[in-house]
Amino acid sequence: MTGELRADGVHAGYDGTPVLRGVGVVVPPGATTALTGASGSGKTTLARVLTGLHSPARGVVTIGGRPPRRGEIAMLFQSPRRGVDPRWTLERIVGEPLLLRGVRRAQRRRAVAAAAERVALTPDLLARRPHQVSDGQLQRACLARALVQEPRYLVCDEMTSMLDPATTAFLVGVLREQAAQGTGVLAISHDHDLVAAWADTVVDLAALATTPATTTPATAGPAATSPDLPESPLPRGAMSHRARSGHTR
Ligand SMILES: Nc1ncnc2c1ncn2[C@@H]1O[C@H](COP(=O)(O)OP(=O)(O)OP(=O)(O)O)[C@@H](O)[C@H]1O
């Protein structure tokens with residue numbers, strides 16, 4: 001598909017311990033793809049590779065066949081507090097990507113106000129600092145910060161797992177609207193009910209590695225790979241398609 005975000009043949013790990021072995025994934029624009037998988041299987045690692053936060057030992061990440069450009073992929077994390085400056089107001093946090101791009105103050109304020117409205121952050125909340133708001137309110141600010149960038153892709157790593165059902169449903173609704181407007185969303189979650197309601201396609205990480213499993217346990221020993229193996233990005237049966245339920249809106 002034109003303009004899709006994809007990882008091909010990704011091998012990645014930490015300190016010589018492999019986590020991902022020949023993983024490929026495709027995230028199409030204008031849809032929500034959910035990534036599930038066992039704890040510790042490497043979902044976050046794959047998300048970090050896709051967003052450029054972790055360099056793979058091998059493999060490539062592309063959008064429409066070329067390397068992603070700065071600002072094209074935004075990431076949302078499980079814990080919003082770890083990704084914000086505690087001294088800043090929510091308004092400054094939301095506007096930070098535009099500040100970095102050199103967008104003028106008046107335009108920045110308009111963009112921040114529009115994004116804040118989409119995530120139901122009132123001016124009163126925008127004036128507060130992270131310690132003065134709830135996790136859900138701060139996660140809404142982080143989503144607004146991602147939206148002001150107008151990214152082509154959004155990678156959400158367990159972004160609702162600390163939130164109550166009402167806030168989760170609200171944020172999922174905003175993200176589904178965003179996907180309907182053309183953004184490709186990759187949603188990582190353990191919650192099978194949530195991804196069934198949220199995503200158009202569900203992908204299990206265990207099905208994405210094109211390198212055949214060996215008798216070596218996944219968490220020990222050197223990478224069980226052969227450089228000669230063909231690595232198609234998406235093995236047959238790796239994805240299951242779900243109908244949109246729409247009940248998160
Ligand atoms: N910075 C790090 N240094 C060393 N090992 C790491 C690091 N981050 C993750 N790992 C290890 O890499 C493996 C994959 O971790 P990752 O967080 O990608 O898995 P996950 O599927 O997202 O897990 P979970 O569902 O529990 O969040 C785990 O064994 C983890 O302990």
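In which sense do strand 1 and strand 4 pair, and over how many bridges? A few notes on this, and on how the domains meet, follow.

1. To start with the caveat: this is a predicted model. As for the opening question, strand 1 pairs with strand 4 (residues 58–63) in the antiparallel sense, and five bridges are involved.

2. Strand 1 (residues 5–14) has another partner to look at: it runs antiparallel to strand 2 (residues 17–27), and seven bridges join the two. So much for the strand level; the turn is worth a glance too. Strands 1 and 2 make a hairpin with two residues between them. Asp 15 sits in that turn, and its phi is positive, about 50 degrees.

3. Ala 7 is a handy residue to click on if you want to see both pairings. Its bridge partner in strand 2 is Val 25, while in strand 4 Ala 7 stands opposite Val 61.

4. Now the domains. The assignment for the protein chain puts 1–25 + 42–72 + 153–249 in domain 1, and 75–150 in domain 2. Contacts between them involve 16 residues of domain 1 and 14 residues of domain 2.

5. What supplies the side of domain 1 that touches domain 2? Strand 6 (153–157) and helix 6 (165–180) each bring at least two residues to it. Strand 6 gives the most, with four residues.

6. On chemistry, the residues on that side of domain 1 split into nine nonpolar, four polar and three charged.

Conventions
Residues are numbered from 1 along each chain as its sequence is written. This is a predicted model: local features need pLDDT of at least 70, side-chain atom pairs count only at pLDDT 80 or more; totals for chains, interfaces and linings use all residues. Two strands pair if DSSP finds at least two bridges between them. Domain bounds come from an automatic or database domain assignment. Two residues are in contact if their C-beta atoms, placed from the backbone, lie within 7 Å. Ala, Val, Leu, Ile, Met, Phe, Trp, Tyr, Cys and Pro count as nonpolar, Asp, Glu, Lys and Arg as charged, and the others, Gly among them, as polar.
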